[in-house]
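Here is a set of short exercises to work through with the structure open beside you. Try each task before you read the solution.

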Amino acid sequence: MTGMSRFTGKALTENAHIAQSIGDILTTPIGTRLIRRHYGSLLPELIDQPLNDETRLKLMSATVDAITRWEPRVRIQAVDSLSTDAGRLTLKITAARVRDGQSVELEVRT
């Protein structure tokens with residue numbers, strides 16, 4: 001067991017725990033955690049802006065910045081925006097685990 005699901009309390013594999021952690025980082029607005037005021041990302045702030053090329057670049061940059069800062073188990077290789085449905089953005093993130101270099105691919109909905 002590497003981690004625990006925050007929804008069910010069941011054991012998670014390392015990749016599933018990384019995906020859960022990244023999802024939490026990206027969906028937490030900066031300044032909302034009492035103990036860690038800098039924890040989170042700018043994605044919640046950017047999600048309501050017009051989805052043009054400039055905003056997509058800001059979203060990808062904010063994603064890489066937040067994951068690099070708060071998830072030391074992975075190194076980001078690529079971030080792509082897949083789709084926007086009903087005001088929600090789906091990001092495809094490709095990373096490599098630091099420990100063994102294994103590739104991790106995940107999708108995060110904001």
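**Exercise 1. A proline to start with**

Where does Pro 29 lie? Keep in mind that you are looking at a predicted model.

*Solution.*
Step 1. Pro 29 belongs to the loop between helix 1 and helix 2.
Step 2. Its relative accessible area is 33%, so Pro 29 is partly exposed; the class "partly exposed" runs between 20% and 50%.
Step 3. Look for its partners. Leaving aside neighbours within four places in sequence, Pro 29 is in contact with Tyr 39, Ser 41 and Pro 44.
Step 4. Now try a distance: Pro 29 and Leu 51 are 22 residues apart in sequence, and their C-alpha atoms are 19 Å apart in space.

**Exercise 2. Checking the span of a helix**

Work out what span helix 1 should have at 1.5 Å a residue, and compare it with the distance between its end C-alpha atoms.

*Solution.*
Step 1. Helix 1 has 14 residues.
Step 2. The rule multiplies 1.5 Å by one less than the number of residues, and for helix 1 this gives an expected span of 20 Å.
Step 3. The end C-alpha atoms of helix 1 are 20 Å apart, which agrees.
Step 4. Repeat this for helix 3, residues 53-70: its 18 residues should span 26 Å, and its end C-alpha atoms are 26 Å apart, so the two values agree again.

**Exercise 3. The two sides of helix 3**

Which residues of helix 3 are buried, and which are exposed on the other side?

*Solution.*
Step 1. The buried residues are Thr 55, Leu 59, Ala 62, Thr 63, Ala 66 and Ile 67.
Step 2. These residues cover an arc of only 120° around the axis, which means that they sit on the same side of helix 3.
Step 3. On the other side of helix 3, Asp 53, Glu 54, Leu 57, Thr 68 and Arg 69 are exposed.
Step 4. Finish at the start of helix 3, where a side-chain oxygen of Asn 52 comes to within 3.2 Å of the backbone nitrogen of Glu 54.

**Exercise 4. A glutamate in helix 1**

Is Glu 14 buried or exposed? With which side chain does the side chain of Glu 14 make a polar contact?

*Solution.*
Step 1. Find Glu 14 in helix 1.
Step 2. Its relative accessibility is 15%, so Glu 14 counts as buried; the cut-off is under 20%.
Step 3. Helix 1 is mostly covered, with 10 of its 14 residues buried; among them are Glu 14, His 17, Ile 22 and Leu 26.
Step 4. The side chain of Glu 14 makes a polar contact with the side chain of Arg 99, at 2.4 Å.
Step 5. Not counting residues up to four places away in sequence, Glu 14 touches Thr 2, Arg 97 and Arg 99.

**Exercise 5. Into the core**

How many residues does the largest nonpolar core have?

*Solution.*
Step 1. The largest nonpolar core has 20 residues, and those with the most contacts inside it are Ile 22, Leu 26 and Ile 93.
Step 2. At least two residues of this core come from each of helix 1, helix 2, helix 3, strand 3, strand 4 and strand 5.
Step 3. Here is the general idea: in soluble globular proteins, nonpolar side chains tend to be buried together.
Step 4. Take Leu 26. Its contacts beyond four places in sequence include Leu 43, Ala 66, Ile 67, Ile 93 and Val 108.
Step 5. Next, visit Leu 91 in strand 4. Leu 91 has a relative accessible area of 0%, so this residue is buried.
Step 6. Leu 91 also has contacts beyond four places in sequence, including Leu 43, Thr 63, Val 79 and Leu 106.

**Exercise 6. An aromatic pair**

How many aromatic pairs does the structure hold?

*Solution.*
Step 1. There is 1 aromatic pair.
Step 2. The ring centres of Tyr 39 and Trp 70 are 5.2 Å apart and the planes are at 65°, so the pair is edge-to-face.
Step 3. This pair links distant parts of the chain, 31 residues apart: Tyr 39 is in the loop between helix 1 and helix 2, and Trp 70 is in helix 3.
Step 4. Compare the accessibilities: Tyr 39 is buried at 8%, whereas Trp 70 is partly exposed at 23%.

Note on methods. Residues numbered from 1 in each chain as written. Predicted model: local features only at pLDDT ≥ 70, side-chain atom pairs only at ≥ 80, totals over all residues. Heavy atoms only, no water. Helix = DSSP H or I, 4+ residues; strand = E, 2+ residues; numbered from the N terminus. Buried < 20%, exposed > 50% of the residue type's maximum accessible area, 1.4 Å probe, protein only. Arc of directions from axis to C-beta. Polar contact = N/O pair within 3.5 Å; in protein donor to acceptor, adjacent residues only side chain to side chain. Core = buried A, V, L, I, M, F, W, Y, C linked by side-chain atoms within 4.5 Å. Contact = heavy atoms within 4.5 Å. Phe/Tyr/Trp six-rings, centres within 6.5 Å; stacked < 30°, edge-to-face > 60°.
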